[in-house]
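The questions below concern pockets and nonpolar packing in one protein chain. Each answer ends on the item asked for.

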Amino acid sequence: MHIEPGVVDGAKITLSYATAAGAFGLAGKLAYDTIKNDGGIVSLAARTVATTALVFSFFEVLPHHSIGVSEVHFILGSTLFLIFGGGAAALGLAFGLLVQGLLFAPADLPQYGINVTTLLVPLFAMSLLARKVIPNGTAYKDVTYAQALALSTSYQAGIVAWVAFWAFYGQGFGAENLAQVGLFGAAYMTVILVEPVLDLAVLALAKNFDRFKYSTLFHNRLYTAASS
């Protein structure tokens, strides 16, 4: 989902500063909810360190390829959300992306506002969807494949939609750009198919570590159903 340098440039990139500010506002809302309802600021800080390290490794270690107007990554946003909660997932995505740019991809830094918007806005939307598709009586370790698929699909579809927006905003609706956006969207189908399986594999592993039920490192909903 790293938008390629030059797709949005010049004065047009100014828009990304505004969208990034909005995205950070949404991340702040998720972080505040964690502090208030799910372990406090120390727990959020510990989880953010973990998610930042994981996101950085996802970007650098897992397979990723430039296809069309952007890169296809296994971001595992729904996995991070289910295990660590929305606040830590949002901050980890923002910081992991920044660290990766600073250390290995400085050419991506001018597009940071674009890329962080693309990651965080769909995550917030997915957090709202989770309230609808996962009943309060279900701990996240017990979600079904259909529920995991719904979350992953919504997140990845959000990413594709934002990438398409930036591409059309930056380069217009010419035939070549349309083809490049279509190529990227089609390639992202592989992520939508694989990520729910990874979600369930990680959650199945979590079931075998019930001793971490009261650990502040993990989202309290991972092991405990929400109250009605």
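Q: Which helix supplies the largest share of the lining of the largest pocket?
A: This is a predicted model. Helix 1, helix 4 and helix 5 each give at least two residues to the lining of the largest pocket. The largest share, 4 residues, comes from helix 1.

Q: Which residues that line the largest pocket are the closest to its centre?
A: The largest pocket holds about 550 Å³ of space. Its lining has 22 residues, divided into 7 nonpolar, 11 polar and 4 charged. The closest to the centre are Asp-33, Arg-131, Tyr-140, His-219 and Arg-221.

Q: How many nonpolar, polar and charged residues does the lining of the second largest pocket have?
A: The volume of the second largest pocket is about 160 Å³. Helix 8 provides the largest share of its lining, 3 residues. Among the lining residues are Ile-83, Val-202, Phe-209 and Tyr-223. By class, the lining has no polar residues, no charged residues and 9 nonpolar residues.

Q: Which residues touch the most other members of the largest nonpolar core, and which helix gives the largest share of this core?
A: The core has 58 residues, of which Leu-93 and Leu-123 touch the most other members. At least two core residues come from each of several helices, including helix 4 (86-103) and helix 5 (112-133). The largest share, 9 residues, comes from helix 5.

Q: Which residues does Leu-93 touch, not counting residues up to four places away in sequence?
A: Leu-93 is one of the two residues that touch the most other members of the largest nonpolar core. With residues up to four places away in sequence left out, Leu-93 touches Val-55, Ile-75, Leu-80, Leu-119, Leu-120, Leu-123 and Tyr-155.

Note on methods:
Residues are numbered from 1 along each chain as its sequence is written. This is a predicted model: local features need pLDDT of at least 70, side-chain atom pairs count only at pLDDT 80 or more; totals for chains, interfaces and linings use all residues. Side-chain values use heavy atoms; hydrogens and water are left out. A nonpolar core is a set of buried Ala, Val, Leu, Ile, Met, Phe, Trp, Tyr and Cys residues joined through side-chain atoms within 4.5 Å. Buried means under 20% relative accessible area, exposed over 50%, partly exposed in between (1.4 Å probe, protein chains only). Contact means heavy atoms within 4.5 Å. On a 1 Å grid over the protein atoms alone, a cavity is a set of points where a 1.4 Å probe fits but cannot get out, and a pocket is an open set with protein on both sides within 12 Å along at least five of seven lines; lining residues have an atom within 4 Å of a point. Grid points are joined across faces, edges and corners, and a volume is the space filled by probe spheres set on the points. Ala, Val, Leu, Ile, Met, Phe, Trp, Tyr, Cys and Pro count as nonpolar, Asp, Glu, Lys and Arg as charged, and the others, Gly among them, as polar.
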